[in-house]
Structures are given as structure tokens and as C-alpha cells.
Amino acid sequence: MRYQLGATVAQTAVRILTEARVRRVYAVVGESFLELLDALQREREITLVSARHDAGAAFMAEAEGKLTERPAVLLASRGPSAASLAIGVQTAYQDETPMVVLLETPATGPVPLSSGELPTSDLTAMFESIAKSTLRVTDPDGLPGLLAHALTTSQEGRPGPVVLGVPCDIWGMPYDAAKPMARVRPPASGTLGRSADAVAQLVDEAKYPVVIVGGRARSARDELIAVADELALPVYNAFRRQDAFPENHARYAGHLGLGIPARQLDALERADLVLALGTQLDEVTTQAYRYPTPQQTLVMVGTGIDVSPKRRGLTFRVDSEVEPFLRELREVAAPRTRRASAANAAVHTFMTPPDTSGNTRVHPVDVVRALRKLAPEDTIVTSDAGNFAQFMHRYWCFTAPRSQLGPSNAAMGYAVPAAVAAKLTEPRRTVVAMVGDAGTLMTGQEIETAVRYRAPVMVVVFQNGVHGALAMHQARTYGRLTGVSIPLTDFASWARGLGAAGYTVDDREELEPIIASALVRQRPCVIDVRTDPDVVTPDVRISALLGQARPQPPAQ
């Protein structure tokens, strides 16, 4: 690349970001990045998205990286800003999402007291355990090369966030030297053919092979479907990666999430060979590290994939991207004929919504059923952690690629910011955020960011006036509830105050008309659905738990 003579460090950095195809920079703007903000304003190919809270900005950057598999950039100002956005960085680390964080560090020289700036702490070390890499800039000539390296590192091997500490006073300094731009090297594949041969032999010898597919296999979707058909392989989706393999496919065996019944785990329980494609096999996906069992042979495919120290049993690793591996596997593996597993029949039963016509209150199933009926097939769904999410996981039926954005680390406050980023990234697709009342009040103010950037997202708030997970545990353990009731919030009025459209649903008959109206409005919408507080999961009612529990006497 060519650099303009007399350019500043900030201007040079923006050119590097542009040529690396970075399209958005997320931040709560502050004086730490004045020169960089000005340089970004002059660059038409990059949009600066000014969020309302640092956690919201971090979740936006993570969601874009997850959706596009290319890094967005996140700006982190001094102390409080960096601490607030750490949850988004940790989400990116756990979910293997490319991201570059530019973190303000102390100035290279003394800052005059007359400037009015507060002291800055170097918090780079705080991110060492939740980032793929942490780097520090020590002089202006070093920033362009380190930024190029950060962009490359965030995407190579196992993707993840790279934190680059930058002194707050160097952005306006001159930079005339030429430094390398970011380039992502192609994945190593020298032994790919031999690996595919070996795996093909394992598949051929196995009686009950199964596949578990994760987020890093999303780009290999077509090859995965072809392999599943030709080799007759049952396929499970990893936790919150339900868009990796279509849930209406005949070889789909289920989503390895929470509350999965034993009959749906039939194919995995009987398996003698497990192919894990593009997934680290986290605690939820493995059903508390129950699977793969020590008796099952495990093959893990993906660059930078780590084997859990809890794993016992024969394990092979294939250091390759998933798509070229599957392409090679199709070339060498012998086609198989096998009936669809019992898990496929079980999953259809599991995902069939129950009859809720007898309910006097709005049932969470009603919400998901109405949304799935009316929203386009390729709708992008973002979700928070919380009991309400189990209804979405179970009844939505993800069939389109790149249609689910959810954190596997149970981060609350993810859904609304993620929806804003998804709509900015994919403006032609419908984007629906599903969120509980607690998560809405954490980062829901980013609906104003959606208004400002003309991103017409739909936010559906499941509001039942109770901390559902805690109420469930209390009812089961003590037979009584303490401190779990919370007053209802008028989210419709709140949304209108932020410039969005706001609706309230108290009656199940109102659901479809209001959702249909919101879907055609070209502005952000919030639908406040008052759901039945007794229904906390698809299979659990608080009243039933209270009736079954044996109340324990209070401690003396």
C-alpha cells in the first residue's frame, strides 16, 4: 500500500483498516481518540458507530465479527470504558470471533494539568486472559505495523479478539514510513489429503458415526449438507450455533443446548465415532462433558482447535479449515446408506409447539410461534441469556445460513446491540432481537443507536415480572419464593421516548397483528410482551414446583 507523505498516525491507521476491509468501528466516543475520530469521519468506506454504552459497543463489534467472520474494530477509552466493554471481549474470545480492540494507554510524554484530562491507567494486562493476544504500542512508528499484525492475528488459526494498547497522544503525530498492511495467510493444508483419507477410513469402519458442528463451520454449510447426505451422518448443532446445519434436514439430530431430553441424544449416546467440526466442544454442547464418552473415538477438525483436558479417550485433530476438509472427505469416502436416526424423529417431536389455547395469559411459545410464522425465512435472530431463550432455541427452527447470533458464555445484554450491528451489516435482512426484561434494561438503550443510524430492528421483550431462573431454583429447593418479583416496566413508552415505535401485548390475540405491523415499519420497534410468570421454561411451571417441594424450615 502507499502512504500519503505527511500523514498522521491516525490517517495511516484508517488506511490500514480500509484496505483490510474493516467496515465499522464501534465506540463510545471520547477525547482519547480525537485525531482518529476525525480521520474516520473523512473515510467513506468505514462507518463510525457511536454507541450509548461501552458494553453495547463491544457486543456490536462481536456480533459483526461473528456474522461476517471479519474483524470489526472497538475503541476503548481509559479505565471505566475498558472495564465496561470487557464482557464483549470475553464473549469474542470464548466464541472465537475476530475483533480488534484499540485500548487507550498512558501518553508517551507528560500531560499538562491545564489540559483537564484525567490520569490514564494501562489496563492492557487486564485483557490477557480473555483475548487471543495483547500488544502495546510504544512509539508512533510502531502503530501501523502492530495494527496490521493485530488484524491478521485476529483471523488466523483460531479467531479471537486482539487488544492493542495505544498511547493517547500519538494519533496526531506524523507518520511517513511504509509499513505492511494486514494480510491473512491461507490455512495450512499440506497433510489435508492424508487426514481426509484417515478420517474416511474411520467413518467407513464406524457403525454409528455422528457429527457435531459449531460456528466455525458456518462457511462450510453446503459441503456439510452434501457430506451428511452422502455418508448418511446424523448432525447435531453445537450450543447456540443452530444455523450451522438446517434444523429441517432429514439428517438433523438436534441442538445440544439446555434441557435436551434423553431420546434426542440417542444418536450421540450410541455413537462410536464423533466428528466435531469447527467447535471447541464447550460445557453445554458436551452436556456437562458427558460426550464424547471415553469409549467414543473423537475427531476434531479446525485450525487452532484445542482438546479439553477433561477429555478421556482416543482423539485425533485435523488442523484445517472445515470446508476444504469436507471437500477432501467427499472425494475419498465411500457413500453410505443408513436410515435417519431415532434422534431425528425425536427432535421433530421436541420442536413441535404445544397447544396453549387454554392459557389465559400470553405463553412464551405463542410469541415464538407467531414470529416464526410471520418473519421471513432468513431472519437474523439475536438472543440474550435467560430462561426465555429456551423457547427460542426449541421452537424457532433455524433453516437459513448465518441467521443466529447468541453468546455461548451466558452474557446478558447481548441481544439488542447485536441486532443493531446485524442490521447495519445485513441491511436487506429482517433482524429480530429476543430479550428478557432484565437484559433489556442492561443495554436496551442501544435502540436509540438503531434509531440514529436508521437500522430498523425489532426488539421483542419477554416480560414476566419475575427472575425466572432464580424463582425456579427457590421453588424447587425451598418451596417458597424470596425477592424474585420485579415491577413491570412500560417498555413501549420507554421505546417511544428513545425514538422507536413501541407496542404492548397483554393478550395472545394481539400478537400476530402487532408483529405483522412491526415487520413492515421502516423504523426500530420494541414489542413489550407480558408473558405468563408461571411459565419459566418449556417444561417447568413455578406453581408445579411449589406444589412438589417440601419447604425447608428457615435457619435458626
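In the predicted model, strand 1 (residues 24-27) and strand 3 run parallel and are joined by 2 bridges. Within this pairing, Val25 has Val73 of strand 3 as its bridge partner. The two strands belong to an open sheet of 6 strands, arranged in the order 2-1-3-4-6-5 and paired in parallel fashion. At the edges of this sheet stand strand 2 (47-50) and strand 5 (133-136), each of which pairs on one side only. From one strand to the next, the twist averages 20 degrees. As background, strands of a sheet pair through backbone hydrogen bonds, and the pairing may be either parallel or antiparallel.

A further open sheet of 6 strands, also with parallel pairing, follows the order 9-8-7-10-11-12. Its edge positions are taken by strand 9 (252-255) and strand 12 (315-318), which each pair on one side only. Neighbouring strands in this sheet are turned against each other by 20 degrees on average, when direction is ignored. One of the pairings in detail is that of strand 8 (residues 235-237) with strand 9, which extends in the parallel sense over 3 bridges. Here Val235 is the residue that stands opposite Tyr252 in strand 9.

Across the whole structure, a search finds 30 salt bridges, and a few of them are described here in turn. Glu104 forms a salt bridge with Arg78, in which the closest N and O atoms are 3.3 Å apart. Because Glu104 lies in strand 4 (residues 99-105) while Arg78 lies in the loop between strand 3 (72-76) and helix 4 (79-94), this pair ties together parts that are 26 residues apart in sequence. Both Glu104 and Arg78 are buried.

Another salt bridge links Asp366 with Arg508, the closest N and O atoms again lying 3.3 Å apart. Asp366 is located in helix 11 (residues 364-374) and Arg508 in the loop between strand 17 (501-505) and helix 18 (511-520), so that this pair ties together parts that are 142 residues apart in sequence. Asp366 has a relative accessible area of 6% and is therefore classed as buried, being under the 20% limit for that class. Arg508, on the other hand, has a relative accessible area of 25% and is partly exposed.

A salt bridge within a single helix is formed by Glu448 and Arg452, whose closest N and O atoms are 2.9 Å apart. Because these residues are 4 residues apart in helix 15 (residues 447-452), Glu448 and Arg452 are separated by about one helical turn. Glu448 is buried, with a relative accessible area of 15%, whereas Arg452 is partly exposed, with a relative accessible area of 37%. Elsewhere, Glu62, Lys66, Asp95 and Arg241 are joined into one network by salt bridges that share partners.

Some backbone features of the model can be set against a general pattern. Most residues other than glycine have a negative phi, and most peptide bonds are trans. The bond joining Tyr291 and Pro292 is a cis peptide bond, with omega at about -15 degrees. Pro292 is placed in the loop between strand 10 (273-277) and strand 11 (297-301). Cys397, although not a glycine, has a positive phi of about 65 degrees, and a positive phi is also found for Arg402, a residue other than glycine, with a value near 50 degrees. Cys397 lies in the loop between helix 12 (389-395) and strand 14 (404-405), and Arg402 is likewise found in the loop between helix 12 and strand 14. Cys397 is partly exposed, with a relative accessible area of 21%, and Arg402, at 23% relative accessibility, also counts as partly exposed.

Finally, the second largest pocket holds about 360 Å³ of space. Its lining consists of 24 residues, among which Gly386, Asn387, Asp437, Val466 and Gly468 lie nearest the centre of the pocket. The elements that contribute two or more residues to this lining are strand 15 (431-436), helix 14 (437-443), helix 16 (468-478) and strand 19 (535-537). When the lining residues are sorted by class, 14 are nonpolar, 8 are polar and 2 are charged.

Methods:
Residues are numbered from 1 along each chain as its sequence is written. This is a predicted model: local features need pLDDT of at least 70, side-chain atom pairs count only at pLDDT 80 or more; totals for chains, interfaces and linings use all residues. Side-chain values use heavy atoms; hydrogens and water are left out. On a 1 Å grid over the protein atoms alone, a cavity is a set of points where a 1.4 Å probe fits but cannot get out, and a pocket is an open set with protein on both sides within 12 Å along at least five of seven lines; lining residues have an atom within 4 Å of a point. Grid points are joined across faces, edges and corners, and a volume is the space filled by probe spheres set on the points. Ala, Val, Leu, Ile, Met, Phe, Trp, Tyr, Cys and Pro count as nonpolar, Asp, Glu, Lys and Arg as charged, and the others, Gly among them, as polar. A salt bridge is a side-chain nitrogen of Lys or Arg within 4 Å of a carboxyl oxygen of Asp or Glu. Buried means under 20% relative accessible area, exposed over 50%, partly exposed in between (1.4 Å probe, protein chains only). Two strands pair if DSSP finds at least two bridges between them. Axes are lines fitted to C-alpha atoms, for helices over the stretch in contact, and angles run from 0 to 180 degrees between N-to-C directions.
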